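Here are my notes on the model, point by point. Have it open while you read.

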Amino acid sequence: MSLSTALSIAQSALMNTARQTSVVSRNVADASNPDYTRRIAVVTSTAPGARSVDIQRVANDLLFRQNLSALSAYSGQNALYSGLDQLDVSVNGVDNASSPSTAIGNLQQALQLYATSPSNQNLGSSVIDAAKQVVRSLNEGSRAIQDFRTQTDGQIATAVDDLNSLLSQFQDANQAVISGTRSGTDVSDALDQRDALLKKISDYVPVSTFTRGDNDMVITTGDGTTLFETIPRTVSFAPSSGYSAGTTGNALYIDNVPISAGTGGNTSASGKLAGLLQLRDGVASTMQSQLDETARGLITAFAETAPSMPNAAGLFTWSGAPAVPAAGTLVNGLAGTISVNAAMDPSAGGNPALLRDGGANGAAYVVNTGGASYSSLLVAYGDRLDQPMTFDPAAGISATSSVADYAANSIGWLQSVRQQASTAADAKQALASRGAEALSNATGVNVDQEMSLLLDLEHTYQASARMMKTVDDMLAALLSAVG
């Protein structure tokens, strides 16, 4: 081997070692970046005696896909669980203190106390106050649910804007990968950026990907709807300014294909958008129906009856009064409009004694002819609260129940869904965490390993430097001998 060849090899070794060192240093610097994938500087032979460094990006497509799937599943589940928590407090209060069920229980107690001393009009006024609290819990609960639906609608609109922005950024990153692949330059950073965007996109919708020539990537949703192919597909949604009971929110589209809402406490929703749709049109709408059915049951239980006369709204009334809502049929929005009959409300000039005697709807409905000690009607009202009646099965709970039990079952239904959502959220979070950990172990940076490699490179550098020094000494000796 000539001295010039030896010198060239030593110089090449120093340059390659420097490049390898640079890669290792970059790995160490980005060790804490969850979106960074470890690089490996591989020395390859290009010709006899010549070597070059090829930078390779560590990747594991299987683990990455599993991680994306787990992220989508947890995002949808977490959206549902967080919304259920908010709904529970908004409608029922802390520890159900302001729930219709609690208010109905207080009404029953006040009614029983009034029945033991029907001549005491202060107790009659207490019943009216308890009835007002029932009405307040239903009115405010209904309003809270529709406000929640409006807020959720706004969150969907914001999420859609974010998703469209991410898809636009993905287009830029994908183009950078394609261009770099075609020109033969290092595209590791562009690939990292593209994968990071995929993680963010999977937070909103489930994603599936495949790669074509030149590293060009196509994204579809879990059901096969194209999300990105060369250009982003449009995600469209028209938010509503407000909601009322019984109205269905606008659909959400990807490339003109509607997204389906999730179902169940352990939701089928994959991605935040499906979870939010489930909250808006599934959970919240069902809760509204249960409140409406509770209100209908109360109007029915306290309806005034009279021979040869139709039943008429009594203590509780509504916009269709004096008629009583049809049995077993949901009246959308009833919980938001139910009120205490002004004829019995002393604050509105009414007489609480009408609850004891009957007659809020006229003389034909007067029952008491026995004086101030009459309690039969009060007892009958109390019994009706505990007697089975028919409810609309569309509300999601028992179709046959007493009003008091139905209101309690409504809380039980919500708590059951919430418990399922909580358990599933914990499980899916753990799965996402394990998936991310497995991916990090396979493609992330181990600082100890990199520092050990850096030490080896330092020894290689020293050996190349000594080789150059030896060649230099030999050249100097040769020149000295010639001279």
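1. Let me start with arginine 233, which is buried at a relative accessible area of 19%; buried here means under 20% relative accessible area, exposed over 50%, and partly exposed in between, with a 1.4 Å probe and protein chains only. Its salt-bridge partner is aspartate 255, the closest N and O atoms being 3.6 Å apart. A salt bridge needs a side-chain nitrogen of Lys or Arg within 4 Å of a carboxyl oxygen of Asp or Glu. The two residues are 22 residues apart and link distant parts of the chain: arginine 233 sits in the loop between strand 6 and strand 7 (235–237), aspartate 255 in the loop between strand 8 (252–254) and strand 9 (257–258). Aspartate 255, at 33% relative accessibility, counts as partly exposed.

2. A word on provenance before going further. This is a predicted model, in which local features need pLDDT of at least 70 and side-chain atom pairs count only at pLDDT 80 or more, while totals for chains, interfaces and linings use all residues. Numbering runs from 1 along each chain as its sequence is written, and side-chain values use heavy atoms, with hydrogens and water left out. Helices (H or I, at least four residues) and strands (E, at least two) are DSSP runs, numbered from the N terminus.

3. Back to the charges: how many salt bridges does the structure hold? There are 19. One of them joins the side chains of arginine 418 and aspartate 85 at 2.4 Å, N to O. That pair spans 333 residues of sequence, tying helix 10 (residues 403–443) to helix 2 (residues 61–92). Arginine 418 counts as partly exposed at 24% relative accessibility, and aspartate 85 does too at 26%.

4. Helix 6 (residues 272–301) has a local pair, arginine 296 and glutamate 293, set three residues apart, about one turn of the helix. Their side chains meet in a salt bridge at 2.8 Å, N to O, and both residues are buried. Also have a look at the salt-bridge network that links Arg26, Arg39, Arg57, Asp189, Asp192 and Asp195.

5. Now the sheet. It is open, with four strands in the order 3-4-5-6 and antiparallel pairing; two strands pair if DSSP finds at least two bridges between them. Strand 3 (207–211) and strand 6 (231–232) are the edges, each pairing on one side only.

6. Strand 4 (residues 217–221) deserves a slow look. Five bridges join strand 3 to strand 4, with serine 208 partnered by threonine 220 and valine 207 by threonine 221. Towards strand 5 (residues 226–229) there are three bridges; isoleucine 219 pairs with phenylalanine 228, and valine 218 stands opposite glutamate 229.

7. Which residues of strand 4 point which way? Met217, Ile219 and Thr221 go one way, Val218 and Thr220 the other, and all are buried. In a regular strand, side chains alternate between the two faces of the sheet.

8. Check the two turns as well. The hairpin of strand 3 and strand 4 has five residues between the strands, and aspartate 214 in its turn has a positive phi of about 65 degrees. In the hairpin of strand 4 and strand 5, four residues lie between the strands, and glycine 224 in the turn has a positive phi of about 95 degrees.

9. Two helices lie across this sheet. Helix 4 crosses strand 4, strand 5 and strand 6, at about 35 degrees to strand 5, whereas helix 5 (residues 188–202) lies across strand 3, strand 4 and strand 5, at about 10 degrees to strand 4. Axes are lines fitted to C-alpha atoms, for helices over the stretch in contact, and angles run from 0 to 180 degrees between N-to-C directions.

10. Last, the packing. The largest nonpolar core (buried Ala, Val, Leu, Ile, Met, Phe, Trp, Tyr and Cys joined through side-chain atoms within 4.5 Å) has 88 residues, of which Ile201, Phe302 and Phe316 touch the most other members. Helix 4 (residues 121–183) supplies the largest share, 20 residues. Leaving aside residues up to four places away in sequence, isoleucine 201 touches Leu163, Leu166, Leu167, Phe170, Val207, Ile219 and Leu227, contact meaning heavy atoms within 4.5 Å.
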